[in-house]
Amino acid sequence: MTHDFDHDPPHRNRGDDASRQVDLFDKSPPPWELVAAEETAIARVVFSQSPHGPYDYAIPDAMRSHIQPGSRVRVPLGRRRGGTMGWCIHVDMAGKSRHKLREISELLDEEPLCDPALVRLVLWIAHYYQAPAGQVFDTLIPSSVRSSAGTKQKTYFRADPKDLTEEIVAGLSPKQQAVARILLAANAPMTAAQISIQVGCTEDPIRRLHKKGLLSSERRREQNSGMTTRWQINDGEAEKTHHLTDSQSDALKQINQAVESEKTKVMLLHGVTGSGKTEVYIRAIEHLVKFGRGAIVLVPEISLTPQTRGRFERRFDSVAVLHSQMTPAERHFQWQRIRSGEVQVVIGPRSAVFAPLPKLGLIIIDEEHDGSFKQDTQPRYHARKVAIARANSLGIPVLLGSATPSLESWHATRTGHAERLSLPDRVRDRAMPDVQLVDMRIKDDRTVGAISRPLHQAVQETIHEKGQCILLLNRRGFATTIQCPSCGHVVACPDCDMPLTHHRDGGKAMCHYCDFCIATPPWCPACRFDGIRYGGLGTQKLEVEVKARFPNANVARMDSDTMRRPGSHQKVLSAFRSGKIDILLGTQMIAKGLDFPNVLLVGVINADSALHFPDFRAAERTFQLVTQVAGRTGRGDRGGRVIVQTYSPEHPAIQAASRHDYIGFAEDELINRKKYNYPPWGSVARIIIRGTEEETTERIAEELVGRIEATRDLLKHEIRILGPAPPPIARLRGKFRFHALLQCPESGPLGETIRRACQDFRIPEKDDVQYVVDIDPMDML
Ligand code: ADP
Ligand code: ZN
């Protein structure tokens, strides 16, 4: 069995963990001079840049009482001048070394930025996801914190009456006398600026006094910008606490018990859309705050709406919201607040799982099925897995919540790795909305464009009744292909070999995989035929059609093109809430978390867009998207309905979504996955190899996979290897790509095999080929 729910992560009682894990990196240290073994204090240090270490360094006597695992240090490394910044992961005050070790040159923080539990988490992530520990530290501690963004070093002066006796003061120049008197009278140290304003002098007399040794000084680092703790909470909602439904109370009771037990436990709150999951989270946190503990709530970035924030900010005194649009100074300030212990709740996306609350009592992951919880760059961690590892090392519970749980989490409740809590009904006895499937294969002469007759009629009725509509189309841009009808040429990205998408604003043809962008060619670049065609439907084109069909309606589009500017997301949502917008159309952004009672209709323009992807999660994603967007309606007294346009009305994912039948879908899909041992039944890893030359890249891919095969055979592990082969995106940003998929019933042997096979696999620099290991990949393209 293998997934996030295996508790092999670090345990707090295993004191030797750090050293044990470090052996896994096992690189022989540079050949320092050999000496007879003698006892010295040794720090083990890792680096975010290559070479990543770990390497041992001697700790100078002066640092012995301060240095700890998690401290940043500057050390000599290779021939680099000025030293290199590294992270200390282990300290041994009575160490023995066969080599003469170089000394640490500088200890960079008075207090380590990472406490011992977080250091253990770093080492676990580095091990499991096969990423350099130094890089994991850099992910865990935001760069704004490392650089102390928004702070300034200030020098404070103080006068001691023992040094500055009346006699001495009397002998000073008038300005210096004034400075001395002010400081003697003050009961706190002052900065030069403060003194000079009060005295009405330059800073010169202060400096002179200091030089004479008559004033003492100390330097302090202080925050001077970014100190906002509240954003707009004016989201039009009144403060209300609800009388909990029976199932909410039952769930809460279980969660409270888990929190009080101070044991690790994973709970999955499966609650249909509109069942009041957020209210349960809030009550659970209210409970643990009473014991002086704090909580982390992870949400998909896009769900960080004023609505979500408002709900928490109204109910707690001290909330820290982390989001991608903060300035570095703000981020640093929030981090310090969190670390000081004053924050009760941290809300944020994936990376908030690392928030340094000193007394963490619970980690909640809302919409736990969401793909954004997996990072798609090194270290490629999944926040759910990290949350469970962190909780496990602290002895605290994790609460996952979703209307459409990931199959991994669902499966865990079947195997006893997680406990299931259910909210089977919506609050206030509201019904789930009716879902009508429209079979788009049946051609209706009167249907031109993207909107079928039934959907057109429903929109019209809804607007007539002064209700609001949400229309989902998960493709942005205007046209998704630009093709010549004469020669068939498709305009593609020269760097990615993927078709370009035409964007009407500015007449641009853009690659959605890289930044490539050109003016859309007016004629075929291949045969010069004048009359190139735009095929495929994107949200811009849908917007044009909707505006033409419903000229009296106010229409807004929400996709990553219209939501570029900070705050635009909130602006559209508040206009929608206040009724200024009748039809909100957009990509999956509009499918998540919104709770607006006047939405009477949800239309899904093409439910199949993700269904035929070459990815074993295609059906799951389709089910989630349709169910989630359907859940945006029927949240008020006037009910709601859903119309789903599809070319595959009989597909089990679409069928189940139309019945709001998560359990039926999950159980069937588990059977499908079992046939091929896909997760959650087995573990998967993906190796992506990319390079500038196709042949070289392929050769190295073969070589690497060959090594993995040999290692597998040597270790006698049951691992199926598919590939190497070109992935669906065979060229990206000018690089050729190959990938291999590895499957194994368990994650341990799979990780071990890859680690061993890659251990001393070196690619000559001249080949310009790189590879990445993606453990538990979410992306198969
Ligand atoms: P979910 O996250 O499960 O979709 P929400 O937490 O958004 O559901 O709750 C849906 C709506 O129901 C919210 O407006 C919330 O304020 C309200 N609500 C939550 N619990 C109750 C309750 N016990 N009684 C009445 N309304 C409730
Ligand atoms: Zn491209």
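In helix α9, the residues Gln248, Ala251, Leu252, Ile255, Asn256, Val259 and Glu260 meet Glu279, Val280, Arg283, Ala284, His287 and Leu288 of helix α10; contact here means heavy atoms within 4.5 Å. Sorted by kind, the residues of this contact come out as seven nonpolar, three polar and three charged. For that sorting, Ala, Val, Leu, Ile, Met, Phe, Trp, Tyr, Cys and Pro count as nonpolar, Asp, Glu, Lys and Arg as charged, and the others, Gly among them, as polar. Helices (H or I, at least four residues) and strands (E, at least two) are DSSP runs, numbered from the N terminus.

Before we go on, a word on what you're looking at. This is a predicted model, where local features need pLDDT of at least 70 and side-chain atom pairs count only at pLDDT 80 or more, while totals for chains, interfaces and linings use all residues. Residues are numbered from 1 along each chain as its sequence is written, chains are lettered from A and ligands numbered from 1 in the order in which they are written, and side-chain values use heavy atoms, with hydrogens and water left out.

Back to the helices. Two packed helices are described by the angle between their axes and the distance between the axes. For α9 (residues 246-261) and α10 (residues 277-289), the angle is about 35 degrees and the axes are 10 Å apart. The axes are lines fitted to C-alpha atoms, for helices over the stretch in contact, and angles run from 0 to 180 degrees between N-to-C directions. α9 passes α10 in a right-handed crossing. A crossing is right-handed if the near helix is turned clockwise from the far one by less than a right angle, and left-handed if anticlockwise.

Now look further along, at helix α14 (residues 407-414) and α20, whose axes come within 11 Å and cross at roughly 90 degrees. The two are therefore roughly perpendicular to each other. On the scale used, angles under 35 degrees count as roughly parallel, over 145 as roughly antiparallel, 65 to 115 as roughly perpendicular and the rest as oblique. Leu407, Trp410, His411 and Arg414 from α14 meet a set of α20 residues including Tyr662, Ile663 and Ala666. This contact divides into six nonpolar residues, one polar and four charged.

A further pair is α21 (residues 694-715) and α22 (residues 747-758), with axes that come within 9 Å and cross at roughly 125 degrees. That makes α21 and α22 oblique to each other, and their crossing is right-handed. The contact draws on residues including Leu704, Arg707 and Ile708 of α21 and Glu752, Thr753 and Arg756 of α22. Here the split is six nonpolar, two polar and four charged.

What about the interior? A nonpolar core is a set of buried Ala, Val, Leu, Ile, Met, Phe, Trp, Tyr and Cys residues joined through side-chain atoms within 4.5 Å. Buried means under 20% relative accessible area, exposed over 50%, and partly exposed in between (1.4 Å probe, protein chains only). The largest such core has 117 residues, of which Val346, Leu742 and Ile754 touch the most other members. Helix α2 (residues 116-128) gives the most to this core, with nine residues. Another core, of 30 residues, lies apart from it, and Met267, Val280, Ala295 and Phe312 are among its members. As for Ile754, leaving aside neighbours within four places in sequence, its contacts are Gln130, Ala685, Ile687, Leu742, Val773 and Ile775.

The loops have some oddities of their own. Most residues other than glycine have a negative phi, and most peptide bonds are trans. Yet the bond from Gly53 to Pro54 is cis, with omega near 5 degrees, and Pro54 sits in the loop between β1 (34-46) and β2 (55-58). The bond from Gln378 to Pro379 is cis too, with omega near -15 degrees. His660, not a glycine, has a positive phi of about 55 degrees; this residue lies in the loop between α19 (652-658) and α20 (662-676) and is partly exposed, at 23% relative accessible area.

To finish, visit Thr587, in the loop between β24 (583-586) and β25 (599-604). Is Thr587 buried or exposed? At 9% relative accessibility, Thr587 counts as buried. Beyond four places in sequence, its contacts include Leu472, Asn474, Thr539 and Met558.
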